[in-house]
Amino acid sequence: MEKKAKRIEFRFGKFGKLAPLIVAAGMILWAAFSQSNVNGYVLAFFAALVTGVIFTKDEKAYGEALVYGLSKPMFGVIVMAVILAAISGKLISASGAVQTIAAYVVAAGFTGKLFVAASFLITCLLAFATGTSVGTYFVVIPILFPVGVMAGAAPEFMIGAIVSGAAFGDNLGPISDTTIASSATQHADLGVVVKTRMRYSLPAAAGALVLFLLFSKTSEAGAATLTEAGTANPASLVMLAVPAVIIVLCLLKKHLITALSWGILAGIVAGLLFGIYTVEGLIAFPGGFSVSGAIIEAITGTSGTVAMLIAVFALLGVVECSGLFEDVGVFLSRFAKSERSTETAIVLSTGVLSMVTGVISVAIVALGDLVNEIGEKAGVNRYRRANLLDCTGCVFCFLAPWTVHCVIPAQQSAQFGEGFAVAPASIPFVNFYSVCMLVMLVTAVITGYGRKHK
């Protein structure tokens, strides 16, 4: 069980407390405008951590806060998942299965915008069924993303479709951690929460689907890659055993780490039995203190993403121990007078903490008691409060380019080559589900749409 670190005090009051976040935001903007890859965000968050040392009054407590952030179970899960997913993705991409599927897709004429829209719907269903957005990235991106690009879809729109579908599943899925957290903190029946949430999520999903069909761009780079790849190899399709095993185990409610591990084992066995891989192609020790093979290449390729996750979770520990969560909630609760102003306060406070923490469930749990209190006083029913918490998180957390919802998809896109790489800062602009949900939230608060749960 994680032990809460000591409360941190900073020099120069609130400015000192916010200094690390200000530095992080400034460098993130610099990286974003420079179209940096994940490494630019790594620098931003490590710079923020170093800056905090200057302003803290108790350096020991500051160090303990960093460790506290890294002790969160979610950190270990995500880091392990990133590494294992990279291995499973490498097994698929290096086998020729992606090129084979893409060749069949192109031959069937299912290309460009149609494939982007289909990818969105497929990801919606998978994320809804499994209840995990991050887990969905690891299963879907290694296959649908490169196939879509080779079938003529622009890389950023393929990633946008997948992230949008993951956001939908995270938002509406009954076994999603955000759905469970939002209903539990507001003491609302889970089934009724899911039922009433459809009023927000289904219109947002419909709007996103229309936008993908209308505005998705096409690219000739993927088609050129497909041509260079040569003829299709039907035998390589045996490597689809990797995502199949992972999906089945996730649906059976197995842990994401064990599901990914079994997927890797299935891929190794299938690859060796069908001659897709040799042992040396997977693991080799050529001498000279070196290691080679697909597996170690996949592991070392995650270094940038893992480094960023270390910095992000360490900073999350600092932010939590600084009392910033409470400050945000208390500040915005001052504006919670009427029903509408209370709903606005809930949306703004959840939005701020979702972006700061990068983890929706953390923001929901941190604000749960406060939202209960101000919501009851203003007459906002528990189901409305639960829906506002979750829907807001699935907007702002997914639209912040430094969160896992932009960084992990960007990292996974880059593993297919320069022509496939998508910058984290470009993903929010093509995440049409979260954009449509933002419109839904504004409309709901202003007009009262969805306010009555019956």
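Where is His255 found, relative to helix 12 (241-251) and helix 13 (256-273)? His255 sits in the loop between these two helices, and the legends below begin there. Please keep in mind that this is a predicted model.

**Figure 1. The loop between helix 12 and helix 13, with Lys253 and His255.** His255 has a relative accessibility of 44% and therefore counts as partly exposed. Lys253 belongs to the loop between helix 12 and helix 13 as well. With a relative accessible area of 55%, Lys253 is exposed. Its backbone deserves a look too: Lys253 is not a glycine, yet its phi is positive, at about 70 degrees. For a sense of scale, follow the chain from His255 to Met355, 100 residues apart along the chain; their C-alpha atoms are separated by 26 Å.

**Figure 2. His187 in the loop between helix 9 and helix 10 (190-215).** Here is another residue with a positive phi that is not a glycine: His187, at about 55 degrees. The side chain is worth checking for solvent contact, and at 56% relative accessibility His187 counts as exposed.

**Figure 3. The largest pocket, with a volume of about 880 Å³.** The lining of this pocket has 38 residues, and those closest to the centre are Met74, Val77, Thr132, Val134 and Asp177. Several helices give two or more residues to the lining: helix 4 (73-93), helix 7 (133-150), helix 9 (177-185), helix 16 (303-322), helix 19 (360-378) and helix 21 (404-414). By residue class, the lining of the largest pocket holds 21 nonpolar, eleven polar and six charged residues.

**Figure 4. The largest cavity, about 40 Å³ in volume.** Searching the whole structure turns up two cavities of 30 Å³ or more, and this view shows the largest. Its lining consists of Leu126, Thr130, Thr132, Gly135, Thr136, Val139, Ile247 and Cys250. You may recognise Thr132 from the previous legend, where this residue is among those closest to the centre of the largest pocket. At least two lining residues come from each of helix 6 (112-130), helix 7 and helix 12. Helix 7 gives the most, with three residues. The lining of the largest cavity splits into four nonpolar and four polar residues, with no charged ones.

**Figure 5. The second largest cavity, with a volume of about 40 Å³.** Around this space you will find Phe10, Lys17, Pro20, Leu21, Leu315, Val318, Val319, Ser322 and Leu324. Helix 1 and helix 16 each supply at least two of the lining residues. The largest share, four residues, comes from helix 16. Seven of the lining residues are nonpolar, one is polar and one is charged.

**Figure 6. Phe15 and Phe55, one of the twelve aromatic pairs.** The ring centres of Phe15 and Phe55 are 5.9 Å apart and their planes meet at 80 degrees, so this pair is edge-to-face. The two partners come from distant parts of the chain, 40 residues apart: Phe15 is in helix 1 (residues 13-33) and Phe55 in helix 2 (residues 38-55). Phe55 is buried, as its relative accessible area is 13%. Elsewhere in the protein, ring pairs join Phe120, Phe157, Phe212 and Phe432 into a cluster.

**Figure 7. Cys394 and Cys406, two buried cysteines.** There are zero disulfides in the whole structure. For Cys394, the closest cysteine sulfur is in Cys391, at 7.0 Å, and this is too far for a bond. Cys394 has a relative accessible area of 0%, so this residue is buried. Cys406 takes part in no disulfide either, and the nearest cysteine sulfur, that of Cys397, is 8.8 Å away. The relative accessibility of Cys406 is 0%, so Cys406 counts as buried.

**Figure 8. Helix 11 (residues 221-229) and helix 22 (residues 432-447), the two ends of the confidence range among the elements.** The mean pLDDT is lowest in helix 11, at 55, and highest in helix 22, at 95. Across the protein the average pLDDT is 87, and 96% of the residues score at least 70. Where pLDDT is low, the predicted coordinates should not be read in detail.

Definitions and conventions
Residues numbered from 1 in each chain as written. Heavy atoms only, no water. 1 Å grid on protein atoms, 1.4 Å probe; cavity = no way out; pocket = protein on both sides within 12 Å on 5 of 7 lines; lining within 4 Å. Points joined across faces, edges and corners; volume = space filled by probe spheres on them. Nonpolar A, V, L, I, M, F, W, Y, C, P; charged D, E, K, R; others polar. pLDDT = per-residue confidence, 0-100. Phe/Tyr/Trp six-rings, centres within 6.5 Å; stacked < 30°, edge-to-face > 60°. Buried < 20%, exposed > 50% of the residue type's maximum accessible area, 1.4 Å probe, protein only. Disulfide = S-S within 2.5 Å.
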